[in-house]
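Reader: Hi! I'm new to reading structures, could you walk me through this one?
Author: Happy to, let's open it up.

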Protein chains: 2
Amino acid sequence: MPLPEGEKSSPMAAVLSFCGAWAGPDMDRVISHLGDDIVYHNMPMEELSGLAAVERYLRAAGPFEHCAWEVRAVAANGEHVLTERIDRMTVRGRTVTLPVMGTFRVRGGLIREWRDYFDLASYLAQLA
Amino acid sequence: MPLPEGEKSSPMAAVLSFCGAWAGPDMDRVISHLGDDIVYHNMPMEELSGLAAVERYLRAAGPFEHCAWEVRAVAANGEHVLTERIDRMTVRGRTVTLPVMGTFRVRGGLIREWRDYFDLASYLAQLA
């Protein structure tokens with residue numbers, strides 16, 4: 001989705017580009033959207049702080065043979081971008097469809113905060 | 001929080017007023033924000049359609065001796081209003097603190113769609 005020139009570096013554009021990078025997934029592109037000071041919290045799990053810890057976690061997560069995030073709704077308010085998504089991922093041959101909402105905080109075009117809200121049992125049940 | 005005149009009937013204002021009505025909770029005021037065609041989905045559970053079914057569920061839910069919703073972030077995009085909240089509620093003497101994100105769709109000042117995303121196990125564990 002091409003964005004108008006003025007929107008290219010907006011917080012919403014950065015988050016939509018991040019969501020798009022999960023297609024594949026292209027993990028180098030995913031990581032390139034995150035700031036050094038990133039705080040990432042999958043709400044049912046432990047919070048992770050700093051790019052090194054978050055990158056280690058994301059590269060090990062799944063591992064995902066395939067991913068695609070569908071953005072159902074997105075809205076921005078200053079640095080805050082809120083998303084409603086359907087995250088689809090293939091893990092060890094199993095396809096998981098997970099309804100998720102995520103909050104992002106963007107500064108200087110990079111994601112500094114990321115919190116995802118979802119039902120962990122719904123995820124695990126699809127892997128069993 | 002008083003809103004400027006032009007904002008009084010905005011989708012965001014309707015949702016913030018709805019979140020405020022949960023203080024108490026004032027269930028009559030909560031219900032008054034919902035349209036006849038409301039579709040309400042607590043994502044880990046079954047979807048409910050229509051005001052009668054949603055009102056029946058909400059009045060029986062908990063029951064909550066006390067509630068307060070803290071809005072951490074809110075953003076609107078047309079009819080869509082996305083919220084990040086900490087919902088606090090007291091159920092049978094137990095206080096539950098639940099991180100939630102919710103999507104609302106507002107038309108004519110009334111909420112027509114409401115989807116809440118949270119980890120059901122995190123809620124149930126605090127009641128046990």
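Author: We'll go through the sheet, the hairpins and then the two chains together, keeping in mind that this is a predicted model.

Reader: Cool. In what order do the strands of the open sheet in chain B come?
Author: The order is β2-β1-β6-β5-β4-β3 in chain B, six strands with mixed pairing. β2 (47-49) and β3 of chain B are the edge strands, each with a single partner, so one side of each has no neighbour in the sheet.

Reader: And how much are neighbouring strands turned against each other?
Author: By 20° on average, with direction ignored.

Reader: Which helix packs on that sheet and touches β3, β4, β5 and β6 of chain B?
Author: That's helix α1 (residues 11-21) of chain B. Its direction makes about 165° with that of β3(B). Another helix of chain B, α3 (residues 51-60), lies across β1 (34-42) and β2 of chain B, at about 55° to β1(B).

Reader: Switching to chain A: how many bridges join β3 to β4 there?
Author: There are 12 bridges between β3 (residues 64-77) and β4 (residues 80-91) of chain A, and the two strands run antiparallel. If you want a pair to find on screen, A:Cys67 stands opposite A:Met89 in β4(A). The hairpin of these strands has two residues between them, and A:Gly78 takes a positive phi near 65° there.

Reader: What about β4(A) and β5, do they run parallel or antiparallel?
Author: Antiparallel, with 12 bridges joining β4(A) to β5 (residues 94-107) of chain A. Here A:Arg85 has A:Val100 in β5(A) as its bridge partner. This hairpin also has two residues between the strands, and A:Arg92 takes a positive phi near 45°.

Reader: Nice. Now the two chains: how many residues of chain B are in contact with chain A?
Author: 20 residues of chain B are in contact with 20 residues of chain A. On chain B's side, β3(B) gives the most, with five residues. That side divides into 14 nonpolar, four polar and two charged residues.

Reader: What turn lays chain B on chain A?
Author: A turn of 180°, with a shift of 0.0 Å along the axis, and the RMSD is 0.0 Å. The two copies are therefore related as by a two-fold rotation axis. The same surface serves both copies, as 100% of the contact residues of chain B recur in chain A.

Reader: Last one: which residue of chain B comes closest to the rotation axis?
Author: B:Asp119, whose C-alpha is at 2.0 Å from the axis.

Methods: Residues are numbered from 1 along each chain as its sequence is written. Chains are lettered from A and ligands numbered from 1 in the order in which they are written. This is a predicted model: local features need pLDDT of at least 70, side-chain atom pairs count only at pLDDT 80 or more; totals for chains, interfaces and linings use all residues. Two residues are in contact if their C-beta atoms, placed from the backbone, lie within 7 Å. Helices (H or I, at least four residues) and strands (E, at least two) are DSSP runs, numbered from the N terminus. Ala, Val, Leu, Ile, Met, Phe, Trp, Tyr, Cys and Pro count as nonpolar, Asp, Glu, Lys and Arg as charged, and the others, Gly among them, as polar. Copies are superposed by least squares on the C-alpha atoms of residues with pLDDT of at least 70 in both. Two strands pair if DSSP finds at least two bridges between them. Axes are lines fitted to C-alpha atoms, for helices over the stretch in contact, and angles run from 0 to 180 degrees between N-to-C directions.
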